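Work through the exercises below with the structure open. Try each task before reading its solution.

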2 protein chains.
Amino acid sequence: MTATLGRSSDHRDVATEVLRRGRDVVTPALQAAVDRLDDASRTQARYHLGWTELDGSPGAGGGKAVRPALALLSATAAGADVDTGVPGAVAVELVHNFSLLHDDLMDGDAERRHRTTVWVQWGASSAILCGDAMLALAQEVLLEAPSAHAAAAAALLAVTTRELIRGQAEDLAFETRDDVGVAECLSMASGKTGSLLAASASIGAVLAGAPAAQTEALHTYGHEVGTAFQLVDDLLGIWGDPAVTGKPVLSDLRSRKKSLPVTFAIRNGGEAGRELARWLATEGEPAEDELHAAARLVAAGGGREWAAAEARRRRDLALGAVTGAGLAPVPTGELVALAHHLVDREF
Amino acid sequence: MTATLGRSSDHRDVATEVLRRGRDVVTPALQAAVDRLDDASRTQARYHLGWTELDGSPGAGGGKAVRPALALLSATAAGADVDTGVPGAVAVELVHNFSLLHDDLMDGDAERRHRTTVWVQWGASSAILCGDAMLALAQEVLLEAPSAHAAAAAALLAVTTRELIRGQAEDLAFETRDDVGVAECLSMASGKTGSLLAASASIGAVLAGAPAAQTEALHTYGHEVGTAFQLVDDLLGIWGDPAVTGKPVLSDLRSRKKSLPVTFAIRNGGEAGRELARWLATEGEPAEDELHAAARLVAAGGGREWAAAEARRRRDLALGAVTGAGLAPVPTGELVALAHHLVDREF
């Protein structure tokens with residue numbers, strides 16, 4: 001059984017083109033920034049970003065680069081040229097990758113996109129230092145931006161980084177708690193995923209000196225899209241097609257992750273929720289039939305329906321914010337397409 | 001046998017008073033900044049800074065706070081009031097402690113100032129996240145400074161942080177190399193110790209909008225004092241009195257650290273240097289008499305004399321920079337006293 005939040009094919013072509021264009025614009029500036037790093041951090045960062053392989057040969061490229069694309073769109077949406085957004089785009093991508101480097105180490109993940117992670121290849125200390133260097137470099141690039149509003153953009157990035165860390169610290173704390181509520185879990189997701197998407201979607205407008213009403217609308221758009229994206233990601237972590245997600249079937253249940261739909265079902269799902277909570281408290285490698293039974297409990301406890309509805313609600317809040325702010329029409333249409341592309345995934 | 005670079009008692013009282021005054025001014029602002037951290041990071045940071053003990057009771061206080069004192073002096077040396085330097089003082093102390101948190105984890109140090117380190121108490125992930133949060137907070141505090149030059153100060157801090165990380169990455173790389181040269185080793189020390197002292201000694205003047213000649217003189221002062229301090233620290237790591245240093249006798253030789261005097265002796269010390277290099281390449285727990293023999297080889301290879309002379313030379317460069325820049329006389333005198341206090345230690 002698959003479901004979807006909308007007809008994503010309508011927006012897929014626009015979003016794919018926006019992401020491709022964003023990568024084309026940002027990659028040279030990002031490469032120039034990474035070239036400034038110390039020798040060890042530069043080698044590790046270039047590998048992590050997918051630009052080189054371990055033997056020094058050219059890499060197959062990195063991720064989708066959603067955050068840089070949002071930063072560029074937020075500059076043009078505010079009426080500035082695309083170049084105005086470039087330092088913001090470089091900075092948010094550096095912060096994103098700083099957090100991935102440290103996350104992979106903290107989570108003990110040996111692979112990312114089917115490649116060995118930096119901490120496995122070069123050791124924990126290298127992953128810590130390379131991440132630290134990328135975070136500092138993000139501020140450096142932003143503060144050099146030829147904009148009268150560079151300091152405001154840098155302040156936004158610093159506050160955002162702390163929000164990101166708050167989300168990660170809460171995620172860590174939740175692992176050893178069995179009483180996490182839905183509001184807490186949403187606040188954690190807001191920190192881990194919403195905050196940097198909010199900064200990405202508004203930093204270009206901040207650099208452009210846009211009025212507060214516009215930067216706030218773009219910030220809301222990014223925050224709501226980010227939280228909706230996390231909700232859908234959590235649904236895909238249970239019901240996603242392994243061929244699409246690249247993760248094993250039922251992967252989040254396999255690791256007994258207290259994701260958003262699971263947390264909702266436990267707190268609001270009556271007997272199904274209590275049974276789910278009891279199963280999560282068990283230990284050892286779960287059998288396949290247990291995983292399927294647990295997924296049925298999440299659905300029976302209302303977790304699947306709630307997460308899908310909440311993702312739709314937040315996507316619509318994002319669309320409402322960005323379409324009512326007097327932003328330039330073409331980039332606004334592209335932001336709309338991107339929101340659908342990121343949220344309306346099949347699960 | 002003890003030696004000294006000068007009569008430190010002449011300056012000790014002034015320096016002690018400057019450090020005490022600095023702590024009094026900066027601590028409330030630093031506490032207000034740390035209060036903004038997420039719950040977990042705040043608890044860990046307050047413990048790390050010596051403000052609370054593990055049971056929540058008041059702590060015995062933290063380190064000397066040299067960096068904040070320099071930041072405040074650099075504002076007043078440039079003719080501004082002390083308040084102008086406070087956001088800079090808070091920021092450099094946060095960056096210093098970010099690096100200590102990550103260093104303790106990377107080095108596997110279980111204790112700092114006779115207290116359990118954060119990574120031992122709360123786990124590696126917490127030490128990573130708390131350090132990350134302090135680094136982001138440093139930029140945040142600085143960018144909120146009521147100064148037209150806050151962005152310039154933030155840019156200085158970002159570049160400095162990358163220098164600090166370069167030094168740490170090189171230090172890490174040197175552990176597995178046996179061909180490290182003196183210039184490389186000095187460059188590593190310049191990154192690890194010189195860069196943040198240089199930023200500390202100039203950030204207040206930057207916030208005050210001082211002319212470039214003054215901020216550069218203060219930057220040179222901090223950089224040279226920092227490198228001299230590291231040279232003396234390395235001498236104390238071999239010949240320091242355990243009652244003063246708080247470390248075991250001959251501690252740097254015990255861990256076979258390729259410190260500056262050791263590196264000089266290996267590269268320039270003829271037969272004594274070659275014998276020292278052979279000993280460093282051996283493995284296993286060294287006997288006490290081996291350590292004393294190794295210390296004699298460092299001295300015979302000229303490492304002790306060179307490091308002491310180089311520390312004096314750099315201290316004098318620092319003094320020359322800061323006394324010739326037309327800075328306010330009283331803070332300049334205090335910077336002179338602080339340079340002597342930090343460098344003229346008995347070894």
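**Exercise 1. Relate the two chains.**
Find the operation that superposes chain A on chain B, and name the relation.

*Solution.* The model is predicted. Step one: superpose the chains. A rotation of 180 degrees, with 0.0 Å of shift along its axis, brings chain A onto chain B. The RMSD is 0.1 Å. Step two: name the relation. This rotation and shift therefore describe a two-fold axis. Step three: locate the axis in chain A. There, the C-alpha nearest the axis belongs to Ala151(A), and the distance is 2.7 Å.

**Exercise 2. Describe the interface.**
How many residues of each chain are in contact, and which helices of chain A supply the side that touches chain B?

*Solution.* Step one: count. Chain A has 31 residues in contact with 31 residues of chain B. Step two: assign elements. At least two residues come from each of these helices of chain A: H2 (39-48), H4, H6 (124-143) and H7 (150-174). H7(A) gives the most, with 14 residues. Step three: sort by class. The side of chain A that touches chain B holds 19 nonpolar, 6 polar and 6 charged residues. Step four: compare the two sides. Of the interface residues of chain A, 100% are also interface residues in chain B, so the copies meet through the same surface.

**Exercise 3. Analyse a helix pair.**
Classify the packing of H3(A) against H4(A), and list the residues that make the contact.

*Solution.* Step one: take the geometry. Helix H3 (residues 66-77) of chain A packs with helix H4 (residues 82-107) of chain A at an angle of about 155 degrees. Their axes are 7 Å apart. Step two: classify. Angles over 145 degrees count as roughly antiparallel, so H3(A) and H4(A) are roughly antiparallel to each other. H3(A) passes H4(A) in a right-handed crossing. Step three: list the contact.

- H3(A) contributes Arg67(A), Pro68(A), Ala71(A), Leu72(A), Ser74(A), Ala75(A) and Thr76(A).
- H4(A) contributes Val82(A), Thr84(A), Gly85(A), Gly88(A), Ala89(A), Val92(A), Glu93(A) and His96(A).

Step four: sort by class. The contact of H3(A) with H4(A) has 7 nonpolar, 6 polar and 2 charged residues.

**Exercise 4. Judge the overall shape.**
What radius of gyration does chain A have, and what would a compact globule with 347 residues have?

*Solution.* Step one: note the elements. Chain A contains 16 helices and 2 strands. Step two: take the extent. Along the principal axes, its C-alpha atoms fill a box of roughly 60 × 50 × 35 Å. Step three: compare. A compact globule with 347 residues would have a radius of gyration near 20 Å. Chain A has 20 Å, which agrees.

Terms used:
Residues numbered from 1 in each chain as written. Chains lettered and ligands numbered in written order. Predicted model: local features only at pLDDT ≥ 70, side-chain atom pairs only at ≥ 80, totals over all residues. Axes fitted to C-alpha atoms, helices over the stretch in contact; angles between N-to-C directions. Helix = DSSP H or I, 4+ residues; strand = E, 2+ residues; numbered from the N terminus. Parallel < 35°, antiparallel > 145°, perpendicular 65-115°, else oblique. Left-handed = near helix turned anticlockwise from the far one by under 90°. Contact = placed C-beta atoms within 7 Å. Nonpolar A, V, L, I, M, F, W, Y, C, P; charged D, E, K, R; others polar. Least-squares fit on C-alpha atoms with pLDDT ≥ 70 in both. Rg over C-alpha atoms; globule rule 2.2 N^0.38 Å.
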